[in-house]
Amino acid sequence: MSGLKQKVFYFIKNKRPYVVLKTATSLDGKIATFTGNSKWISSEASRRFAHSLRNDLDGILVGINTIIKDDPSLNVRDILNPSQPNRIIVDSKLRIPLDSKLLKKDIGSKTYIYTSKSYDREVYKKLCKVENLEIVVTNSDKQVDLREMLKDLGSKNISSILLEGGGNLNFSMLSEGLVNYGYFFLAPKIIGGRDALTSVEGQGFKNLEDSISLKNIKIDRFDEDLCIRGEICLPE
Ligand SMILES: NC(=O)c1ccc[n+]([C@@H]2O[C@H](COP(=O)([O-])OP(=O)(O)OC[C@H]3O[C@@H](n4cnc5c(N)ncnc54)[C@H](OP(=O)(O)O)[C@@H]3O)[C@@H](O)[C@H]2O)c1
């Protein structure tokens with residue numbers, strides 16, 4: 001089955017988006033230095049390819065810490081006639097800075113913020129005035145209910161998503177079995193540092209047999225980077 005057919009089939013069957021994880025790390029698994037400096041770990045060719053992935057999928061999903069630390073635009077660049085994906089953020093308390101680029105820069109697609117019942121009421125009122133933005137309150141007192149979020153995105157006809165981290169959201173999505181496919185870019189750099197973030201953080205798995213593996217692996221080169229990709233498999 002082709003990649004596109006597989007995504008459509010999954011969406012129709014499960015009524016939730018097919019999720020593709022993309023992450024870029026150094027050889028020692030870091031996504032940033034211990035000071036939070038992350039631009040740029042991967043090569044220009046890897047980044048161009050990442051934009052083509054964004055262009056091919058309906059939405060980009062990131063955690064609120066990534067918005068606070070990097071202030072990304074989450075758009076498609078350097079592609080002729082790009083199709084701009086919906087931007088999706090998980091933010092349980094509405095910590096999003098009101099001057100974030102993605103709130104100010106209308107790229108013609110919609111932005112969704114998924115939050116929990118513990119959201120900041122004052123920020124909510126201010127966000128309601130932002131055009132092309134929808135805030136969805138999930139039925140949780142703590143962190144965003146990711147399963148409920150994906151179901152809701154499915155009901156909005158968003159059939160595929162690129163998950164771009166950071167490490168905490170990646171772990172939650174992976175450990176809840178919500179990721180279908182992964183692209184792991186490896187740049188020939190060594191960053192080190194016990195406080196430098198890795199591509200999958202969270203609590204981690206206790207036993208090796210609980211860990212997640214990839215199947216039907218393919219390996220590509222993008223300039224000096226390697227990209228290992230494959231289907232995400234949960235332990236039996
Ligand atoms: N190299 C790369 O490929 C790459 C890609 C992306 C990001 N990054 C880097 O990653 C760093 C940020 O990563 P991070 O791990 O600190 O944060 P993150 O994954 O961006 O955001 C995590 C936050 O999202 C919120 N959240 C809400 N519901 C959640 C749920 N169910 N599960 C998990 N999180 C949930 C939580 O904050 P609340 O409880 O307040 O909602 C949580 O602390 C930045 O330094 C950025 O530069 C690197």
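Which radius of gyration would a compact globule with 236 residues have, and what does the protein chain have? The globule would come near 18 Å; the protein chain has 17 Å, which agrees. Keep in mind that this is a predicted model.

**Stop 1: the whole chain**

Show the C-alpha trace first. Along its principal axes it spans about 45 × 45 × 45 Å. Switch to cartoon. You should find 7 helices and 9 strands.

Now colour by burial. Buried residues account for 46% of the 236 residues. Turn on the surface. The accessible area is about 12,800 Å², and carbon and sulfur atoms hold 49% of it.

Next, select the charged groups. There are 36 positive and 30 negative charges, and their mean positions lie 2 Å apart.

Finish with a contact map. Take contacts between residues at least 6 apart in sequence: 70% of them join residues at least 24 apart.

**Stop 2: strand 1**

Select residues 18–26. This is strand 1, and 9 of its 9 residues are buried, so the strand is largely enclosed by the rest of the structure.

Show the side chains. In a regular strand they alternate between the two faces of the sheet. Here, Y18, V20, K22, A24 and S26 point one way. V19, L21, T23 and T25 point the other way. Both sets are buried, K22 included.

**Stop 3: the partners of strand 1**

Add residues 160–163, which form strand 6. Strand 6 pairs with strand 1 in the parallel sense, over 4 bridges. For a landmark, centre on V19: it stands opposite I161 of strand 6.

Then add residues 181–187, which form strand 7. The pairing with strand 1 is again parallel, over 7 bridges. Centre on A24 here, which stands opposite F185 of strand 7.

**Stop 4: helix 7**

Select residues 167–175 for helix 7. Which of its residues are buried? They are G167, L169, N170, F171, M173 and L174.

Keep those residues as sticks and bring back their surroundings. The buried residues of helix 7 pack against these elements:

- strand 1, already on screen, and strand 6
- strand 2 (59–63) and strand 3 (86–90)
- helix 6 (146–155)
- strand 9 (225–233)

Strand 1 thus appears twice on this tour: it pairs with strand 6, and buried residues of helix 7 pack against it.

**Last stop: G177**

Move past the end of helix 7 to G177. This glycine follows the helix and has a positive phi, near 70°.

Notes: Residues numbered from 1 in each chain as written. Predicted model: local features only at pLDDT ≥ 70, side-chain atom pairs only at ≥ 80, totals over all residues. Heavy atoms only, no water. Helix = DSSP H or I, 4+ residues; strand = E, 2+ residues; numbered from the N terminus. Rg over C-alpha atoms; globule rule 2.2 N^0.38 Å. Buried < 20%, exposed > 50% of the residue type's maximum accessible area, 1.4 Å probe, protein only. Contact = heavy atoms within 4.5 Å. Areas by Shrake-Rupley, 256 points an atom, 1.4 Å probe, with all protein chains shown as cover. Lys, Arg positive; Asp, Glu negative; His and termini not counted. Charge placed at Lys NZ, Arg CZ, Asp CG, Glu CD. Pairing = 2+ DSSP bridges.
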